[in-house]
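This briefing concerns aromatic pairing, nonpolar cores and nonpolar surface. The sequence and the structure are shown first.

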Amino acid sequence: MDFLINFVVIALLIFPFIALIHEAGHAFFLKLFGGEIHEFSIGNGDVLWKKNKFHIKNAYFAGGSVTPSNIDVMSKNQKAFFFLGGVIFNLGSAFALDLATGYEFGVFRHYLDSFIFVSYLNVVINLIPLTTIAGETDGRKLVMLYKKAAN
C-alpha cells in the first residue's frame with residue numbers, strides 16, 4: 001500500500017512541481033533576453049484550465065512547455081540559455097535542497113528526497129538529445145541549434 005501511495009504522490013504532485021520549476025527556467029531566460037511568452041503550460045494534451053498564457057493540460061504530470069512568440073530576437077547563445085533554462089533551474093533547486101537536507105543518493109526518507117532524485121533524473125533525461133512522443137528534449141534542441149549554425 002505504501003508503494004501505491006508514494007507512486008501517486010510522486011506522479012501527481014512531485015512531477016508537476018518539477019515540471020513547473022523546469023518551465024519557469026525556460027521562461028526566465030526567455031524574458032531575460034527580450035523574448036515574449038506565447039504559452040506557458042504544464043502537462044501535455046488538451047487544456048484543462050487556463051489563465052491568460054498559463055495552461056494546465058490533462059496529462060499535467062507529464063512535462064510541459066514554454067512557447068516563445070518571438071525567439072528570433074535572441075542570439076544563438078541566448079537561445080541556448082533558453083533551451084537549457086529548465087535544466088539549470090532543476091539542477092539549481094535539486095542541488096540547493098540536496099545541500100540543505102543532506103540527501104543521500106538512493107535513500108528515500110521522505111518526499112523531499114524523491115523530489116531531489118527526480119529533479120536530478122529530469123536533468124539527465126532532458127540533456128539526452130532525442131525526440132519523444134512529447135517532442136524534442138532540451139538537449140536535442142540545443143544540438144539542432146548549433147548544428148544549424150554550423151551549416
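The points below are grouped by topic.

The model is predicted. It holds ten aromatic pairs, and its largest nonpolar core comprises twelve residues. A nonpolar surface patch of about 800 Å² is also present.

**Aromatic pairs and cluster**

- Among the ten aromatic pairs is that of F29 and F89, which is edge-to-face because the ring planes stand at 70 degrees, above the 60 degrees required; the ring centres are 6.4 Å apart.
- Helix α1 (residues 2–32) contributes F29 and helix α2 (residues 76–101) contributes F89, so this pair ties together parts that lie 60 residues apart in sequence.
- F29 has a relative accessibility of 10% and therefore counts as buried, the limit being under 20%.
- F89, by contrast, has 28% relative accessibility and so counts as partly exposed.
- W49 and F54 form an edge-to-face pair, with 6.2 Å from centre to centre and 70 degrees between the planes.
- W49 is partly exposed at 45% relative accessibility, and F54 is partly exposed as well, with a relative accessible area of 25%.
- F29 and F89 also belong to one aromatic cluster, together with F28, F33 and F81.

**Nonpolar cores**

- In soluble globular proteins, nonpolar side chains tend to be buried together.
- The largest nonpolar core is made up of A27, L30, I37, F40, I42, V66, M74, A80, F82, F83, L142 and L145.
- Two or more residues of this core come from each of α1, β1 (37–51), α2 and α4 (138–150).
- Apart from its neighbours within four places in sequence, the core residue L145 is in contact with K76, K79, A80 and F83; of these contacts, A80 and F83 are themselves listed in the largest core.
- A second core, separate from the largest one, has nine residues, including I14, I21, A94 and I116.

**Nonpolar surface patch**

- F3, L4, F7, V8, L12, L13, F15 and F61 make a nonpolar surface patch of about 800 Å².
- Helix α1 gives the most to this patch, with seven residues.
- F3, one of the patch residues, is found in helix α1.
- With a relative accessibility of 68%, F3 counts as exposed, because the threshold is over 50%.

**Helix α1 across the topics**

- Helix α1 holds F29 of the pair with F89, gives two or more residues to the largest core and gives the most to the nonpolar patch.

Terms used
Residues are numbered from 1 along each chain as its sequence is written. This is a predicted model: local features need pLDDT of at least 70, side-chain atom pairs count only at pLDDT 80 or more; totals for chains, interfaces and linings use all residues. Side-chain values use heavy atoms; hydrogens and water are left out. Rings of Phe, Tyr and Trp (its six-membered ring) pair if their centres lie within 6.5 Å; planes under 30 degrees apart count as stacked, over 60 as edge-to-face and the rest as tilted. Helices (H or I, at least four residues) and strands (E, at least two) are DSSP runs, numbered from the N terminus. Buried means under 20% relative accessible area, exposed over 50%, partly exposed in between (1.4 Å probe, protein chains only). Patches are made of residues with over 30% relative accessible area and no salt bridge: like charges are joined within 9 Å, nonpolar side chains (Val, Leu, Ile, Met, Phe, Trp, Tyr) within 5 Å. Accessible areas come from the Shrake-Rupley method with a 1.4 Å probe; for residues, only the protein chains shown count as cover. A salt bridge is a side-chain nitrogen of Lys or Arg within 4 Å of a carboxyl oxygen of Asp or Glu. A nonpolar core is a set of buried Ala, Val, Leu, Ile, Met, Phe, Trp, Tyr and Cys residues joined through side-chain atoms within 4.5 Å. Contact means heavy atoms within 4.5 Å.
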